[in-house]
2 protein chains.
Amino acid sequence: MARWEPNARDRLESAALALFAEQGYDATTVAQIADRAGLTKSTFFRHFADKREVLFGQDRLVEVFTTAIDAAPPSVTAVECLAAALEAAAFGFTPERHDLAPLRQAVIAANSDLEERESLKRARLAAAVAEALRARGTDELTAGLAALIGVLAFSTSYARWADPANQRPFSEIARATLHDIQACAPAFAAGSSGLAELE
Amino acid sequence: MARWEPNARDRLESAALALFAEQGYDATTVAQIADRAGLTKSTFFRHFADKREVLFGQDRLVEVFTTAIDAAPPSVTAVECLAAALEAAAFGFTPERHDLAPLRQAVIAANSDLEERESLKRARLAAAVAEALRARGTDELTAGLAALIGVLAFSTSYARWADPANQRPFSEIARATLHDIQACAPAFAAGSSGLAELE
């Protein structure tokens, strides 16, 4: 029978990240992670399918983003949908996760397979956001551009939030970041370069 | 000694794509591809490292894009850099490749590993474009946004060009597509939604 272990998930995550950082992701086994956390392998497997899931979770972002977009009233613009999705995503970025975020980022940056995983996760998120916007009647290119802006806003917000010096909550950072990206948009409008005349 | 085989690369590519479409990518061997093309396995390996390289080439896009951006005069805007990069990329999109493109797209769409590969290739291109723009002094977020717009312009142009009904050259399609994306940009500018007031 499974014994109840207080904070098992958090303890396993901290232990895993510490070991990944110390001895590398590839060299770390589930047995070592469980041992460092003072728990058993079977407790590990009650919380995570494998060691990669410690880093990438169950990839709930797609669900959170698309649910927020689907729930937005029809009158809401694509940018407002993105703002709602970022707001909905904020629940996952707790102070406890903030303390582990720099370690997580360092582990991913040190391993090209994990970087590819992170990159694919973001590409999948962009595809899902574009699809959710098209389902609301947003045209193809606007939906594609909005999805990329949403993912850029998310990944920039995450990096800003994960900074060890940061003390602002994710939702506040996400609003400011989306606003910063919006401030760049006019530079890409037709007529802002000589391109319009080429057509 | 290697015998000179006329159009060996094109013949191998056509044979490979036909076999991937007929019997699936995973089930196709290099021996079968060489056989279908009327060539030897060693001829295949003089042209491609493996069967995946038939689909993804040697990934020269990163080099083509970054060379074009690096070569642009300092006064050139980020959008103009993207236009120059797309123009430079057009050389690879010949009428011969156009005939094979729908087959290539169908093979990739049928295999999630290959879709991931295509997706990673684009993520890598975006990262390289952002880096090349930052090296010109473009600020972080504008470079990130420009890179995503460049990759969206590229992938949309590729899909439009690859359409069997299309007869326009890639460079013309790319200019029009970038212009179409620029036409979406004002919808994302600050003030176009209620977001600006949130800050």
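Here are three short exercises with worked solutions on this predicted model.

**Exercise 1. Work out where B:Ile149 sits and whether the residue is buried or exposed.**

Let's start with the secondary structure: B:Ile149 belongs to helix H9 of chain B, which covers residues 140-162. Next, look at the accessible area, where the relative value for B:Ile149 is 5%. The cut-off for buried is under 20%, so B:Ile149 counts as buried. Now list the contacts, skipping neighbours within four places in sequence: from chain A come A:Leu145 and A:Phe188, and from chain B come B:Leu82, B:Leu178 and B:Ile181. As a last step, try a C-alpha distance: B:Val30 lies 119 residues from B:Ile149 along the chain, and their C-alpha atoms are 37 Å apart.

**Exercise 2. Find which residues touch the most other members of the largest nonpolar core.**

First, take the core itself, which has 92 residues. Then rank its members by how many others they touch, and A:Phe65 and B:Phe65 come out on top. Finally, pick B:Phe65 and leave out residues up to four places away in sequence; its contacts are B:Ala85, B:Leu86, B:Ala89, B:Leu125, B:Val129 and B:Phe154.

**Exercise 3. Describe the fold and surface of chain A in numbers.**

Begin by counting elements: chain A has 10 helices and zero strands. Its C-alpha atoms fill a box of roughly 65 × 35 × 30 Å along the principal axes. Of the 199 residues in chain A, 48% are buried. Turning to the surface, about 9500 Å² of chain A is exposed, with 53% supplied by carbon and sulfur atoms. To finish, compare the charges: the mean positions of the 20 positive and 27 negative ones lie 7 Å apart.

Technical notes. Residues are numbered from 1 along each chain as its sequence is written. Chains are lettered from A and ligands numbered from 1 in the order in which they are written. This is a predicted model: local features need pLDDT of at least 70, side-chain atom pairs count only at pLDDT 80 or more; totals for chains, interfaces and linings use all residues. Side-chain values use heavy atoms; hydrogens and water are left out. Helices (H or I, at least four residues) and strands (E, at least two) are DSSP runs, numbered from the N terminus. Buried means under 20% relative accessible area, exposed over 50%, partly exposed in between (1.4 Å probe, protein chains only). Contact means heavy atoms within 4.5 Å. A nonpolar core is a set of buried Ala, Val, Leu, Ile, Met, Phe, Trp, Tyr and Cys residues joined through side-chain atoms within 4.5 Å. Accessible areas come from the Shrake-Rupley method with a 1.4 Å probe; for residues, only the protein chains shown count as cover. Lys and Arg count as positive and Asp and Glu as negative; His and the chain ends are not counted. The place of a charge is taken as NZ of Lys, CZ of Arg, CG of Asp or CD of Glu.
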